[in-house]
Amino acid sequence: MAQTAPEARRRARVRSMRRKEIRTQILGRVVLIAMSVIFLVPIAWMISTSFKEAHQVMAYPPIWIPWPFAWENYETAVKAIPFLLYLRNTLIICASTIIGTLISSTLVGYSLAKIPWRGRNALLILILSTMMLPFPVTMIPLFVTFGKLGWINTFKPLIIPAFLGSPFYIFLLRQFFMTIPGELSDAARIDGASELGIFGRIILPLSRPVLAVIALFQFLGAWNDFLGPLIYLHSDKKYTLAIGLQMYRTTNYVQWELLMAASTLVVLPILILFFFAQRTFIEGIAITGIKG
Amino acid sequence: MGMTRQEKRALVMGLAFAAPWIIGFVLFVAYPVAASLYYSFTEFTGLDITGFVGFGNYIEMLTRDELFHKSLYNTLYYLSLAVPLGFIVALCLAMLLNLKIREVSIYRTCVYIPNIIPAFAASFVWLWLLNPEYGLVNLVLEQVGIWGPGWVSDPRWSKFSIVLMAQWGAGGSAMIFLASLQDVPRSLYEVAELDGASAWRKFRYITLPMISPVILFHVIMALFGAFQVFTPAYIMTAGGPANSTLFYVLYLYRNAFNYGKMGYASAMAWLLFILALVTTLIVMKTSARFVYYQGEER
């Protein structure tokens, strides 16, 4: 009999813990659903507005699902500004910077991770410390220099720096390359392979996941960049979507349904990309979060 | 130096592979940093340097330029709200998303998505949501009988509106916190539970210390981001109303590219850099007592 009392107490405690767990689960679920709604409502409202006729845009109480769908807003929005031209400009910059950064950052990352040269750790520290430099510090001399080179109003100031490596990607690649066993490259070196051969035939093929992460991040970076194009692109033939979107607005009048249609068109590719590349995104977050 | 042939070869190859960044560093970092420091002591229109003024630009901004004071105040105001709030929101989200719920990955996706929306598009969407008369936020408030403020048109609310909007992107930091929460060994909590520790004590004495390095990293990055807040103010409010969202970098941008005062803007950039560095150093120094690195003896 003496043993049952503590046994009963233990069971009661387990039961109360389980009850508490169920309570947290229900409560957590309610809060999480509320949070998810709050975080998605702005996107839903953007899409909803984009399908409204002008008189529905400002209706009270708010209309969530307009009927009929004003598909023509999209046609009007695309024709109201040179949308397709700006899309083309944006894609040119995205593609060029992805190529540029993949070539340059992998080379530098390889040097830091796989070539045992004196001074590479000092270089790594220098590379990391440049990440802490606020853009306004270099912004003005860069603008002046690019101006002297005749690069203002061209995509060059936005593209060419990507071919010279980006600190964040270099660091990611260095961390990834470090995890590749040295035996592979050592064996190839003994067999007389050149560094470039080891880099291209052994290291890069093993690095596809991290290359995908970098391509994805760089695409988003270029697609989302606002300050760069704002500073360097002045002619309305050279704008990117980020700058072009402001043209739906005159000084005191905004056509919200058109602006929201255009915003939807800008956001949509990113959302599609997200759903198709969700695993790459998650890998990217993990790499940047834990090792960053 | 006594280097073997192999070491020499490694040095040459290492430098050759690192050459892109070294060239980039000289052209796009070292030279511009030096040039902007030099410009900051001059009157510079962008075309011609019309005079060397020593510390004139710095003295001007610190003692006379009221718009500068306003912009510094606005940025510090934004920073002191946005950084703590951003931290709390992200950590709370991360803890919620760490609950053992079957469909939790759906919630993770929902909360993360706004983070990948470009700042310029988010600014337009929020400008519309926060429209004082027809914006969804005030329409919904009106339905429950609250007369919403003029979010972006009222100088008393405009900075707060931008802080609020910034929270929409909290999902990104939340995912980083979530990853570090998942790295905390279960066994620590189990031991604490056997000792009958409350949820708060588990959070305070296990969770917080274990994720403190990630918190420190988050806070420093958030501070740097907040010092440079630009796009929302440029798009949503153009610095207004009544200069209430004239943030530091927006005013710097205007000096450089609208007023042709590039020397002055360079001085502003350097002061910003120094401010950000000093703030970071203070955070690092004061955090040394709170941040716990695994494997470190205490």
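A crossing of two helices is left-handed if the near helix is turned anticlockwise from the far one by less than a right angle. In this predicted model, helix H4 of chain A passes helix H1 of chain B in just such a left-handed crossing. Chains A and B meet through 68 residues from each chain. Two cis peptide bonds and two asparagines with positive phi are also described below, each with its place in the fold.

**The H4(A)–H1(B) crossing**

- H4(A) covers residues 83–114, and H1(B) covers residues 5–39.
- The two helices pack at an angle of about 140 degrees. Their axes are 7 Å apart.
- H4(A) is therefore oblique to H1(B), because angles count as roughly antiparallel when over 145 degrees and as roughly perpendicular from 65 to 115.
- On the chain A side, the contact is made by Ser104(A), Leu107(A), Val108(A), Tyr110(A) and Ser111(A).
- On the chain B side, H1(B) brings Gly14(B), Phe17(B), Ala18(B), Pro20(B) and Trp21(B).
- Seven of these contact residues are nonpolar and three are polar. None is charged.

**The contact between the chains**

- Chain B puts 68 residues into the contact, and chain A puts in 68.
- H1(B) supplies 19 residues, the largest share of the side of chain B that touches chain A.
- That side of chain B has 58 nonpolar and 10 polar residues. It has no charged residues.

**Chain A loops**

- Trp67(A) and Pro68(A) are joined by a cis peptide bond, with omega about -5 degrees.
- Pro68(A) sits in the loop between helix H2 (54–57) and helix H3 (72–80) of chain A.
- Asn153(A) is not a glycine, yet its phi is positive, near 75 degrees.
- The loop between helix H6 (135–148) and helix H7 (156–159) of chain A holds Asn153(A).
- Asn153(A) is partly exposed, because 15 other C-beta atoms lie within 10 Å.

**The H11–H12 loop of chain B**

- The peptide bond from Gly240(B) to Pro241(B) is cis, and omega is near -10 degrees.
- Pro241(B) lies in the loop between helix H11 (231–237) and helix H12 (248–257) of chain B.
- Asn243(B) is also found in the loop between H11 and H12.
- Phi of Asn243(B) is positive, about 60 degrees, although this residue is not a glycine.
- Asn243(B) has 18 C-beta neighbours inside 10 Å, so it counts as partly exposed.

Conventions. Residues are numbered from 1 along each chain as its sequence is written. Chains are lettered from A and ligands numbered from 1 in the order in which they are written. This is a predicted model: local features need pLDDT of at least 70, side-chain atom pairs count only at pLDDT 80 or more; totals for chains, interfaces and linings use all residues. Axes are lines fitted to C-alpha atoms, for helices over the stretch in contact, and angles run from 0 to 180 degrees between N-to-C directions. Helices (H or I, at least four residues) and strands (E, at least two) are DSSP runs, numbered from the N terminus. Angles under 35 degrees count as roughly parallel, over 145 as roughly antiparallel, 65 to 115 as roughly perpendicular and the rest as oblique. Two residues are in contact if their C-beta atoms, placed from the backbone, lie within 7 Å. Ala, Val, Leu, Ile, Met, Phe, Trp, Tyr, Cys and Pro count as nonpolar, Asp, Glu, Lys and Arg as charged, and the others, Gly among them, as polar. A residue is buried if 20 or more other C-beta atoms lie within 10 Å of its own, exposed if 12 or fewer, and partly exposed in between; C-beta atoms are placed from the backbone.
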